[in-house]
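Me: I should like a close look at a single part of the structure shown below, followed outwards to whatever surrounds it. Please treat the answer as one connected account.

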Amino acid sequence: MQPSSFPNVTVLDHPLVRHKLTRLRQVETSTAGFRRLTREISLLMAYEATRDMKLEDVEIETPLEPMTGQLLSGKKLCFVSILRAGNGILDGMLDLVPAARVGHLGLYRDPATLEPVEYYIKLPEDMGERLCIVVDPMLATGHSAAAAVTKLKQAGARQIVFVCLLSVPEGLRAFTAAHPDVKVVTAAIDRELDDHGYIRPGLGDAGDRLFGTK
Ligand code: URA
């Protein structure tokens, strides 16, 4: 784990993550491989994204003696997947926290303006009582991420973490300016966005590679 030069942005810098991310980027990685790697990296990212969850003491008995243990306190987690590529990350997160509530937010990028357009939203009711972990593999312009978080705040979310595989400096600048209170966890900060809004060197279109579409 490495703090970045952006406030509130953590790069999950770990040999396993770097290895898996390199395999993920490779053009020859199959759809099945891409899906599996995304899931595995996401599980590791969930570990960092949930670091600030609250615990409470509980009295338990082991087979040998009583002791004070700790369990997660109160309402817990909500994952929000930005459709459709967010679902690849969601699978890995749910491997780690299978009981979490899940929201879905459908946003697509208008190819001409690169601005986000909402087409679907379904969220749990008690967003304000949960740590809300928003997942989208690519933080590119940052506009979709910022629009998604604005929606979640309007729905009552108060504690939000944004998790992505790849990001770029310009996207992080835009996102953190719009939501300075939101922590970002990313596996890598790439060089730049190209003229089509793709992250370079990147991994291509995350949704297409996850679902085998073009
Ligand atoms: N979305 C993607 O899937 N890939 C990019 O490089 C940028 C946005």
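How many residues does helix H4 have, and how far does H4 reach from its first C-alpha to its last?

Reply: The model is a predicted one. Within it, H4 has 12 residues and reaches 16 Å from its first C-alpha to its last, close to the 16 Å expected at 1.5 Å a residue. The buried residues of H4 are His143, Ser144, Ala145, Ala146, Ala148, Val149 and Leu152. An α-helix has 3.6 residues a turn, so residues three or four places apart point the same way. Among the buried residues of the helix are Ala145, Ala148 and Leu152. Just after H4, the backbone at Gly156 takes a positive phi of about 110°.

The start of the helix also appears in an annotation. In an unreviewed entry, UniProt lists His143 and Ser144 under "binding site", and the list also includes Met138, Leu139, Ala140, Thr141 and Gly142. Ser144 offers a link to another part of the chain: its C-alpha atom is separated by 7.8 Å from that of Tyr108, although the two are 36 residues apart along the chain. Tyr108 lies in strand S6, residues 101-109. With 16 other C-beta atoms within 10 Å, Tyr108 is partly exposed. Beyond four places in sequence, Tyr108 touches Val117 and Tyr119. Arg109 is another residue of the UniProt "binding site" list.

The approach to H4 is the loop between strand S9 (138-139) and H4 (143-154), and Ala140 is found there. Thr141 is found in the loop between S9 and H4 as well. Ala140 counts as buried because it has 27 C-beta neighbours inside 10 Å. Thr141 has 20 such neighbours inside 10 Å and counts as buried, since the class begins at 20 or more. Leaving aside residues within four places in sequence, Ala140 is in contact with Val168, Gly171, Leu193, Gly197 and Ile199. On the same basis, the contacts of Thr141 are Leu114, Gly171, Ala174, Leu193 and Gly197. Gly171, Leu193 and Gly197 thus appear in both sets.

Ala140 leads on to the ligand. The residues around the ligand are Ala85, Met138, Ala140, Gly197, Tyr198, Ile199, Gly202, Asp205, Ala206 and Gly207. By class, this shell has six nonpolar, three polar and one charged residues. Three of its members, Met138, Ala140 and Asp205, are also in the UniProt "binding site" list that contains His143 and Ser144. A further "binding site" entry, likewise unreviewed in UniProt, lists Ile199, Gly204, Asp205 and Ala206.

Ile199 connects these elements. Its place is in strand S13, residues 199-200. Because 26 other C-beta atoms lie within 10 Å, Ile199 is buried. Its contacts beyond four places in sequence are Met138, Ala140, Leu166, Val168, Asp190 and Leu193. After S13 the chain enters the loop that runs to helix H6 (206-211), where Gly204 is found. Gly204 has 16 C-beta neighbours inside 10 Å and therefore counts as partly exposed. Pro201 lies in the loop between S13 and H6 too. A cis peptide bond joins Arg200 and Pro201, with omega about 0°.

The model has a cis peptide bond elsewhere as well: one joins Leu83 and Arg84, again with omega about 0°. Arg84 is placed in the loop between strand S5 (77-83) and helix H3 (86-96). This residue stands in the UniProt "binding site" list with Ala140 and Thr141, and Ala85 is one of the residues around the ligand.

A contrast to these buried positions is found at strand S4. Of its seven residues, 66-72, the number buried is zero, so S4 lies largely in the open. S4 and strand S3 (residues 55-61) pair in the antiparallel sense over seven bridges, and the two strands form a hairpin with four residues between them. One of the bridges has Glu56 with Leu71 of S4 as its partner.

Notes:
Residues are numbered from 1 along each chain as its sequence is written. This is a predicted model: local features need pLDDT of at least 70, side-chain atom pairs count only at pLDDT 80 or more; totals for chains, interfaces and linings use all residues. UniProt positions are given in the numbering used here, feature names are shortened, and annotations may be inferred rather than shown by experiment. A residue is buried if 20 or more other C-beta atoms lie within 10 Å of its own, exposed if 12 or fewer, and partly exposed in between; C-beta atoms are placed from the backbone. Two residues are in contact if their C-beta atoms, placed from the backbone, lie within 7 Å. A residue is near a molecule or strand if its C-beta atom, placed from the backbone, lies within 6 Å of it. Ala, Val, Leu, Ile, Met, Phe, Trp, Tyr, Cys and Pro count as nonpolar, Asp, Glu, Lys and Arg as charged, and the others, Gly among them, as polar. Two strands pair if DSSP finds at least two bridges between them. The expected span of a helix is 1.5 Å times one less than its number of residues.
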